[in-house]
Amino acid sequence: MATIRRLPTAGGYFVTCVAAGRRFNLGSNALQSYPTMRTMTRRRKWLVAVAALAGLLLIGFAILVSLMPSSRELAATASEKLSAALGVQTRVGAVNWTLLPSPAVVVEELFIAQPKPITARRITLYPDLGALWDKRIRFNSVLLDGAVIPQLSLRGLGSKAPKNTDPEWALDALPLQRAVFTDVTWISRRGIPVIYAGEADFDPHWRPRTARLERPGFRPRTDLTLTRQGQDDRWTIAINLGGGTANGQASLQTSASGAMKLAGKLRPRDVEVAGTLQAFNRRPAISGKATGETTLSAEGDDVLDLAQSLNTKTPFVMGPSQLLRFDLDKAIRTVGKEHAGQTPLDTVTGLLETQNTPDGMVSYFRSIRATSGSLTAAGDARLFNRQVEAEFAVDLVDGVVGVPLKVSGPTNDIKVSVPGGAVAGAVIGTVLLPGIGTAIGARIGAGIGKLFGSSPATSGTVAKPSTKPSR
């Protein structure tokens with residue numbers, strides 16, 4: 001037992017310390033070091049307490065991990081739940097929990113059994129633990145890395161699943177704050193694969209605050225960016241495509257019954273048509289830069305309905321361009337027997353209308369007019385499921401309707417026909433009246449051909465696919 005007494009003196013302090021029966025006289029310097037000794041003792045105590053607490057936490061964590069289901073058990077449970085929710089057999093390779101750097105659930109090797117299966121290599125979900133504690137479903141973010149999604153395999157997905165009537169869990173007004181996806185292959189209904197990447201931040205009720213979709217690694221730059229205007233259901237759209245741009249805006253109206261109506265306008269400027277189609281692994285038929293004005297519209301009860309009913313109308317103008325796989329002059333001279341080659345065009349104008357349907361997108365080319373030297377072609381075309389039907393009138397003398405031309409069949413093996421009577425009439429007209437007589441004779445010959453059924457049917461006889469969404 002030690003006692004310390006501090007006595008004032010003329011020169012400062014005189015300290016007497018009695019320890020183990022002995023007296024020690026200390027100066028003021030020794031007194032100053034005494035609080036430091038006490039501070040060091042307190043620090044040691046805190047270090048011991050922190051170490052003990054850390055040990056307890058580690059022990060608790062080890063106990064928690066030992067009580068948690070294994071990755072195999074979690075995968076089996078997830079497979080069962082997803083199969084019931086989607087209405088088709090679903091398999092999950094593994095499910096793992098991670099705590100650092102933040103709590104997350106990692107789902108690996110997802111397989112949704114379909115004639116063309118949907119697969120995902122890795123899905124990382126970052127749940128909102130506070131929401132889960134309140135039995136609300138909400139995720140801070142979701143990361144999808146590597147997936148293959150055939151469009152046809154989405155039809156009817158989940159339609160056979162029983163409705164969830166359990167009110168124990170509630171979907172949060174903002175169920176997902178952020179979504180990021182990389183290396184996602186979308187396969188169109190015609191089997192064309194395209195790889196995408198993107199990200200989106202959401203406001204309540206699935207309203208994207210910002211969103212970005214891109215073709216990674218493709219040049220020229222190909223991407224789309226959406227930005228919400230305040231809290232209104234209105235977004236600005238910025239698109240880079242084919243070396244040009246297509247910027248504009250879109251708005252969404254929702255009725256009291258929940259029906260939605262989408263409207264928007266874009267301004268395509270100097271968009272290279274061939275490069276645009278190549279960006280989505282399509283085979284182009286024409287090259288050249290297009291400029292126009294696009295109107296968007298869609299109606300439906302949900303996002304799927306909007307996508308399946310989307311309609312676009314684009315009056316456009318193209319300058320110098322080229323038909324890449326069609327020689328117009330050769331088709332006329334050989335009465336449609338030969339057409340392989342290319343056709344340089346001075347200008348192309350017209351209206352492009354696209355209509356999404358549950359069976360695919362239909363493209364209508366209306367009031368098309370193309371000039372190539374002394375030739376002018378005008379007409380309409382329809383493209384659906386890689387099948388083209390088109391009718392044109394080729395002016396042999398500018399300003400006067402000339403030889404009718406019909407193009408039909410699959411896009412990789414089109415058939416071209418020119419009514420023989422039209423060509424014969426054009427030859428006779430040239431003999432009787434050079435110049436304008438050629439076109440007059442072609443018109444007379446085409447009329448004779450109609451009497452004998454050799455003239456192509458009008459495009460109006462082609463049935464328009466239903467635009468009513470189906471599930």
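Four residues of helix H2, namely Leu74, Ala75, Ser79 and Ser83, are buried in this predicted model. They sit on the same side of H2, because the arc they cover around the axis is only 160°. Flip to the other side of the helix and the picture changes: Glu80 and Lys81 are exposed there. As for what the buried side packs against, the partner is strand S4 (90–98). The helix itself has the span one would expect. H2 runs over residues 71–86, and its 16 residues at 1.5 Å a residue should span 22 Å; the end C-alpha atoms are 22 Å apart, so the two agree. Right after H2 comes glycine 87, with a positive phi near 80°.

From H2 it is a short step to strand S4 and its pairing. S4 and S5 make a hairpin, with five residues between the two strands. Their pairing is antiparallel and runs over eight bridges. One of the pairs can be named: valine 92 has leucine 110, in S5, as its bridge partner. In general terms, strands of a sheet pair through backbone hydrogen bonds, whether parallel or antiparallel.

The same part of the chain turns up again in the nonpolar interior. The largest nonpolar core counts 23 residues, and Val95, Val107 and Ile123 have the most contacts inside it. Two or more residues each come from H2, S4, strand S5 (104–112), strand S6 (118–127), strand S7 (136–150), strand S8 (170–176), S9 and S10. Isoleucine 123 gives a good view of this packing: setting aside residues up to four places away in sequence, isoleucine 123 touches Val105, Val106, Val107, Leu110, Val142, Leu143 and Leu144. Leu110, then, appears both among the residues touched by isoleucine 123 and as the bridge partner of valine 92. There is also a second, separate core, with 16 residues, among them Leu328, Val403, Val416 and Val418.

Two polar residues away from H2 are worth a look. Serine 188 is found in the loop that links strand S9 (178–187) and strand S10 (193–203). Despite the loop setting, serine 188 counts as buried, because its relative accessibility is 9%. Beyond its neighbours within four places in sequence, serine 188 is in contact with Gln151 and Arg282.

Glutamate 353, by contrast, has its place in a strand, S23 (residues 347–357). Glutamate 353 also counts as buried, again because its relative accessibility is 9%; the cut-off for buried is under 20%. Its side chain makes a polar contact with the side chain of arginine 366, at 3.2 Å. Arg366 is also one of the residues in contact with glutamate 353 once neighbours within four places in sequence are left aside; the others are Asn311, Thr312, Lys313, Val362, Ser363 and Tyr364.

Finally, there is a small piece of sheet to describe. Three strands, in the order S17-S21-S22, form an open sheet with antiparallel pairing. Its edge strands are strand S17 (286–287) and strand S22 (343–345), each of which pairs on one side only. S17 is joined to strand S21 (residues 321–323) by two bridges, and these two strands run antiparallel. Across this pairing, isoleucine 286 stands opposite leucine 323 in S21.

Key. Residues are numbered from 1 along each chain as its sequence is written. This is a predicted model: local features need pLDDT of at least 70, side-chain atom pairs count only at pLDDT 80 or more; totals for chains, interfaces and linings use all residues. Side-chain values use heavy atoms; hydrogens and water are left out. The expected span of a helix is 1.5 Å times one less than its number of residues. Buried means under 20% relative accessible area, exposed over 50%, partly exposed in between (1.4 Å probe, protein chains only). The arc is that of the directions from the helix axis to the C-beta atoms. Contact means heavy atoms within 4.5 Å. A polar contact is a pair of N or O atoms within 3.5 Å; within protein, one must be able to donate a hydrogen and the other to accept it, and residues adjacent in sequence count only if both atoms are side-chain atoms. A nonpolar core is a set of buried Ala, Val, Leu, Ile, Met, Phe, Trp, Tyr and Cys residues joined through side-chain atoms within 4.5 Å. Two strands pair if DSSP finds at least two bridges between them.
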